[in-house]
Amino acid sequence: MPNISINTDTLTVTHHGGYQTVTGSCHQVDIKPSGLRLLVDCGQYQGDDAREARVGLNGKRIDALILTHAHIDHCGLLPWLLAAGFNGPIYCTEATAELVPLLIDDTLKLQLNMNYGDRQRVLERICQLTVTLPYNSWHRLKPKQKGQPATYLRLQPAGHILGSAYVELKLPDEQRVVFSGDLGPSNTPLLPDPIPPSRADILFLESTYGDKTHESVATRAQRLEAIIQRSLEDGGAILIPAFSVGRTQELLFDIEQLIYQKQLDEALPIILDSPMAQKVTRHYRQFKKLWSKEAKTKLNQHRHPLAFEQCITIDEHGQHMALVNRLKQSGEPAIVVAASGMCQGGRIMNYLAALLEDKRTDVIFAGYQAQHTLGRDIQQGNKQVCIDNSPVTVNAQIHTISGYSAHADQNDLVNFVQGIQPPPKQVHLIHGEPDSQRELAALLRNP
């Protein structure tokens with residue numbers, strides 16, 4: 001059942017997903033008395049949760065969709081929304097507009113086995129409806145009827161992935177409602193930090209890591225190097241399940257730095273085995289204007305942090321399977337970055353099935369592992385897991401490096417809220433599991 005967090009004479013906010021879970025973000029905003037009905041995100045659930053069933057929305061009754069970013073748990077139900085009659089504008093940043101078709105196409109192909117022609121028709125419709133907005137610029141939303149009071153929309157950098165934004169809504173009664181989307185952590189080297197809004201009367205705040213703090217960027221690089229060096233002594237592959245958007249690029253950024261500082265053997269193959277991640281990485285290079293100052297400095301030094309010589313890309317499925325078999329038989333050292341980030345499909349599954357039983361294998365989790373995912377089972381220390389309906393014994397060394405999370409941690413979230421002055425009148429926690437939300441709520445009440 002949807003969860004309603006606000007229901008007043010001027011505003012109703014209903015959560016269809018991403019309420020007490022970290023996936024399936026979908027928030028409906030009904031603005032009264034104008035009758036304007038918005039959706040902030042329209043995402044799929046991840047994991048084998050039954051709630052992955054399609055959100056029961058009447059698309060004809062939604063006037064506009066606002067996408068905070070291109071991760072599937074925030075945009076993946078867009079094709080179903082179109083099928084339910086949605087015909088309004090899709091507002092997002094330019095970079096998000098470039099990334100969404102890539103991820104939607106992949107979803108339709110893998111989940112529905114949809115043929116190329118049908119996929120293209122869906123993507124063309126998405127592109128026709130998409131309206132790109134620059135950061136830090138108010139946009140007047142078209143009212144349902146002439147003469148009705150206006151609502152304004154503004155997108156601000158969220159620092160989560162390329163093109164990510166938090167959403168500011170200026171309502172007819174002058175209230176400011178802010179949806180954080182997914183906020184990025186502070187001090188990451190690739191994207192700038194998010195800056196809190198100057199005003200938020202009502203704030204809907206993500207709480208993925210509301211109960212945890214991350215390692216620093218310096219610590220994460222040191223831990224990554226230490227794991228790699230230990231693994232090289234033992235032999236075997238290092239497997240890093242990574243999201244194609246965001247996490248993969250952060251990992252490549254740090255690995256290039258280790259190579260530049262001569263802390264990694266130049267003969268060690270760095271394998272990017274994810275066609276989707278390759279496409280996304282090209283878009284990251286395309287939008288260098290959105291990079292942080294540190295990242296731009298590397299470009300000025302004629303370095304290529306996302307396209308270095310030692311990085312080998314695997315395209316064809318046959319190449320992929322040949323590499324999996326070779327690593328299984330030879331035990332030779334290699335770093336493999338492959339999707340999916342929560343080990344719920346994708347090429348990482350073949351590596352795990354082949355190499356988890358080898359004690360020389362290292363698996364590094366560099367991002368959040370949701371409940372009911374294979375990634376969470378492995379991360380929690382299960383000694384036997386099921387892959388493709390077959391039992392697999394886990395003898396590999398399992399590591400978690402929290403510094404690679406693309407989400408703000410507890411300190412970042414508190415600082416974001418405290419940076420809003422005057423303080424919000426209401427803060428509603430979304431996009432987090434209940435324990436995380438309870439701890440963050442207590443901290444925000446008594447900082």
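Q: A cavity is a set of points where a 1.4 Å probe fits but cannot get out, and its lining residues have an atom within 4 Å of such a point. Which residues line the second largest cavity in this predicted model?

A: They are Ser25, His27, Val40, Asp41, His74, Phe179, Ser180, Gly181, Asp182, Ile430 and His431. Each has an atom within 4 Å of a cavity point, so each counts as lining. The space comes to about 70 Å³.

Q: What makes up this lining by class?

A: Three residues are nonpolar, six polar and two charged. Gly counts as polar, so Gly181 falls in the polar group.

Q: How many cavities of 30 Å³ or more are there, and what is the volume of the largest?

A: The structure has two cavities of 30 Å³ or more. The largest has a volume of about 90 Å³.

Q: Which residues lie nearest the centre of the largest cavity, and how does its lining divide?

A: Its lining has 14 residues, with Gly159, His160, Gly246, Glu250 and Ala406 nearest the centre. The split is six nonpolar, five polar and three charged.

Q: Why is the second largest pocket called a pocket and not a cavity?

A: A cavity shuts the probe in, whereas a pocket is an open set of points with protein on both sides. This space is a pocket, so it is open. Its volume is about 380 Å³. Of its 22 lining residues, Tyr209, Lys212, Tyr368, Arg376 and Gln379 are the closest to the centre.

Q: Which elements give two or more residues to that pocket lining?

A: Helix H11 (374-379) and helix H13 (434-445) do. H13 gives the largest share, three residues. By class, the lining of this pocket has six nonpolar, 11 polar and five charged residues.

Q: How do you know that there are no disulfides?

A: The count is zero. Cysteine 343 has its nearest cysteine sulfur, that of cysteine 386, 14 Å away. The cut-off is 2.5 Å, so these two do not form a disulfide. From the other side, cysteine 386 is in no disulfide, and its nearest cysteine sulfur is that of cysteine 343.

Q: Why is cysteine 343 called buried?

A: Its relative accessibility is 1%. Buried means under 20%, so cysteine 343 qualifies.

Q: What makes a set of residues a nonpolar core, and which residues have the most contacts inside the largest one?

A: The members must be buried residues of the listed nonpolar types, joined through side-chain atoms within 4.5 Å. The largest such set has 64 residues, and Leu65, Ile104, Ile126, Tyr284 and Ile335 have the most contacts inside it. Helix H3 (residues 94-112) gives the most to this core, seven residues. A second, separate core has 27 residues, including Leu323, Cys343, Ala354 and Val385.

Q: Which residues does isoleucine 104 contact, beyond its neighbours within four places in sequence?

A: They are Ile72, Cys75, Gly76, Leu78, Pro79, Leu123 and Ile126. Ile126 is also among the residues with the most contacts inside the largest core.

Q: Is arginine 119 buried or exposed?

A: Its relative accessible area is 9%. Under 20% means buried, so arginine 119 is buried. This residue is in helix H4 (residues 116-129).

Q: What does arginine 119 contact beyond its neighbours within four places in sequence?

A: The partners are Asp105, Leu108, Lys109 and Met114. Arginine 119 and aspartate 105 are 14 residues apart in sequence, and their C-alpha atoms are 6.3 Å apart.

Notes. Residues numbered from 1 in each chain as written. Predicted model: local features only at pLDDT ≥ 70, side-chain atom pairs only at ≥ 80, totals over all residues. Heavy atoms only, no water. Buried < 20%, exposed > 50% of the residue type's maximum accessible area, 1.4 Å probe, protein only. 1 Å grid on protein atoms, 1.4 Å probe; cavity = no way out; pocket = protein on both sides within 12 Å on 5 of 7 lines; lining within 4 Å. Points joined across faces, edges and corners; volume = space filled by probe spheres on them. Helix = DSSP H or I, 4+ residues; strand = E, 2+ residues; numbered from the N terminus. Contact = heavy atoms within 4.5 Å.
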